[in-house]
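Student: I have not looked at this structure before. Could we go through a few points of it, one at a time?

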Protein chains: 2
Amino acid sequence: MSSTSKLLSSSKLFGGMIKQFTHESAVTKTPMRYSVFVPSGDVLGNGNGQMPVLYYLSGLTCTDENFTHKAGAAQHAAKHNIILVAPDTSPRRTEDPLVGEDDAYDFGSGAGFYINATESPWAEGGYRMDDYINQELPDIVAEALGSNVVDAERRSIFGHSMGGHGALTCALRNPGKYQSCSAFAPISNPTQCPWGKKAFEGYLGSTEAGAEYDATELAKTYAGPSMDILMDTGSADDFYTQGQLLPENFVKACNGNKLLQVESRMQEGYDHSYNFISTFVGDHIGFHAQHLNR
Amino acid sequence: MSSTSKLLSSSKLFGGMIKQFTHESAVTKTPMRYSVFVPSGDVLGNGNGQMPVLYYLSGLTCTDENFTHKAGAAQHAAKHNIILVAPDTSPRRTEDPLVGEDDAYDFGSGAGFYINATESPWAEGGYRMDDYINQELPDIVAEALGSNVVDAERRSIFGHSMGGHGALTCALRNPGKYQSCSAFAPISNPTQCPWGKKAFEGYLGSTEAGAEYDATELAKTYAGPSMDILMDTGSADDFYTQGQLLPENFVKACNGNKLLQVESRMQEGYDHSYNFISTFVGDHIGFHAQHLNR
């Protein structure tokens, strides 16, 4: 049983409120923190105060705060009357961590990869971020903000790097659940890159077991409603040049599936940082608004 | 003799570049770090690549990075073709700090108050941020970016809290040096508030000695060129309600001096954080652009 969210902070921003909550997660069996931006209200003028929700999944090492502090997204969400939700990237244990949980930046704490672990100790240790994002968090958010504010039927997802992988896989594994999907510099074919192989071997026991969480593999067999996907990658992104991202593989898979329309843009000179994200976050939120507010 | 700036990092942002530099300061006798946003170039289309410079002075506890990471200012500077410069708020000693230098958030490290200390050990210890900002830094920046990029004749200044105090006093103490001045939640009458009294007693030996750095006192006797000033303060700012900011005192002094035109806005529900700054930073940069780009 999930507990009610507890408000940690609240601050006015672009006419709305940025709020940080914590709750005891039934999925991870730990406290989980998340941040929400709630626009001021009914800009559509139709008397319906309910707003759609756009989830943002962060990359390796991040918490809920990297996006809310650095992306400059709230101005665009305020303009389009969209609620932004930024969860954490893994369970967090301040005391008594699992063996190895805090040893690496790309595995364990801060690196949940948005999958349900099957291997010990991660499975028992709450590394079930797929269930957390797709099953538990929407209800937690709706309860915290109220059903008069949250439109549970309109939902989209985006993310960065590991969270770009997460956004793509959440959308592809749950057909129809998200109206649209976008990603900044996503890990697009994780069974073929070092970050993905390490995560899948550790959490799932093998790289092969990660196929069910690999966006490129999922795109080949996706059979849900037609879906639009927007992706941006920077040409000066060291992780792109090192072969961690492989967006071309995902685009190729989408091109073979008429249900998926992907626009993948190479942004000249941009790197992997929030400087890149903040430059294009307005495009992404505008893209989601087209799907959420029609 | 100031040393040449050394580039620490560089990243593309809204078509321009955000760069972080360090240099050995002749004023503070320490290494000093600063960040610069340089727009992509000649949007005015007149073949002159030189751009004006807008200085941003941060508040207590901040470095050069708070503003560049959290304010969302670059998009507006890019639009108006203005260079942004964010210096640090004090000298920094990683080894062998002065006695008491790191003991409090509101004095010493991170709290230089943009004044030239006269008391020991602060005077000898490089707490001469007035000289640093107004005398040394402009030449350092021009050298780092090149005189073909920096227009040394067009310069404005803004800041937040302690840095709002700094922006007001830099502009008022140096008539004609800055084309315009603005502030977020400035400490407007520091000889009358706890933060200011502590700083002036420590750095200058008495609160009274701080009159020469008190914006409200300076506004009464300012005799330079006519100057426009924009100020925003949040009604939910705890430091405002605690009497640390006192913007009304500054407005009253300006109203008695026909050379100063101040627009002071009370923003309903906003607090002292970068959520407040990011909401209104577009207004401020637009205000400065009117004075810098005409």
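Student: In which loop of chain A is Pro121(A) found?

Tutor: The model is a predicted one. Pro121(A) is joined to Ser120(A) by a cis peptide bond. As for its place in chain A, Pro121(A) sits in the loop between strand S5 (83-87) and helix H3 (129-145).

Student: What is omega for the bond that joins Ser120(B) and Pro121(B)?

Tutor: In chain B, Pro121(B) lies in the loop between strand S5 (83-87) and helix H3 (129-145). The peptide bond between Ser120(B) and Pro121(B) is cis, and its omega is about 0°.

Student: Is Asp96(A) buried or exposed?

Tutor: Asp96(A) is in the loop between S5 and H3 of chain A. Its phi is positive, near 55°, although Asp96(A) is a residue other than glycine. A residue with 12 or fewer other C-beta atoms within 10 Å counts as exposed. Asp96(A) has 6 such atoms, so the answer is exposed.

Student: And is Ser161(A) buried or exposed?

Tutor: Ser161(A) is found in the loop between strand S6 (150-160) and helix H4 (162-173) of chain A. Phi of Ser161(A) is near 60°, a positive value in a residue other than glycine. The cut-off for a buried residue is 20 or more other C-beta atoms within 10 Å. Ser161(A) has 25 of them, so the answer is buried.

Student: Within what arc do the buried residues of H5(B) fall?

Tutor: Helix H5 of chain B covers residues 194-204, and its buried residues are Trp195(B), Gly196(B), Ala199(B), Phe200(B), Tyr203(B) and Leu204(B). They line one face of the helix, because the arc they fall within, seen down the axis of H5(B), is 115°.

Student: Which residue follows H5(B)?

Tutor: H5 of chain B takes in residues 194-204. The residue after H5(B) has a positive phi, near 95°, and is Gly205(B).

Student: By what turn can chain B be laid on chain A?

Tutor: The superposition has an RMSD of 0.0 Å and a shift of 0.0 Å along the axis, and the turn is 180°. The two copies are thus related as by a two-fold rotation axis. The value asked for is therefore a turn of 180°.

Student: What percentage of the interface residues of chain B are also interface residues in chain A?

Tutor: The copies meet through the same surface. This follows because the share of chain B interface residues that are also interface residues in chain A is 100%.

How values were computed. Residues numbered from 1 in each chain as written. Chains lettered and ligands numbered in written order. Predicted model: local features only at pLDDT ≥ 70, side-chain atom pairs only at ≥ 80, totals over all residues. Helix = DSSP H or I, 4+ residues; strand = E, 2+ residues; numbered from the N terminus. Arc of directions from axis to C-beta. Least-squares fit on C-alpha atoms with pLDDT ≥ 70 in both. Contact = placed C-beta atoms within 7 Å.
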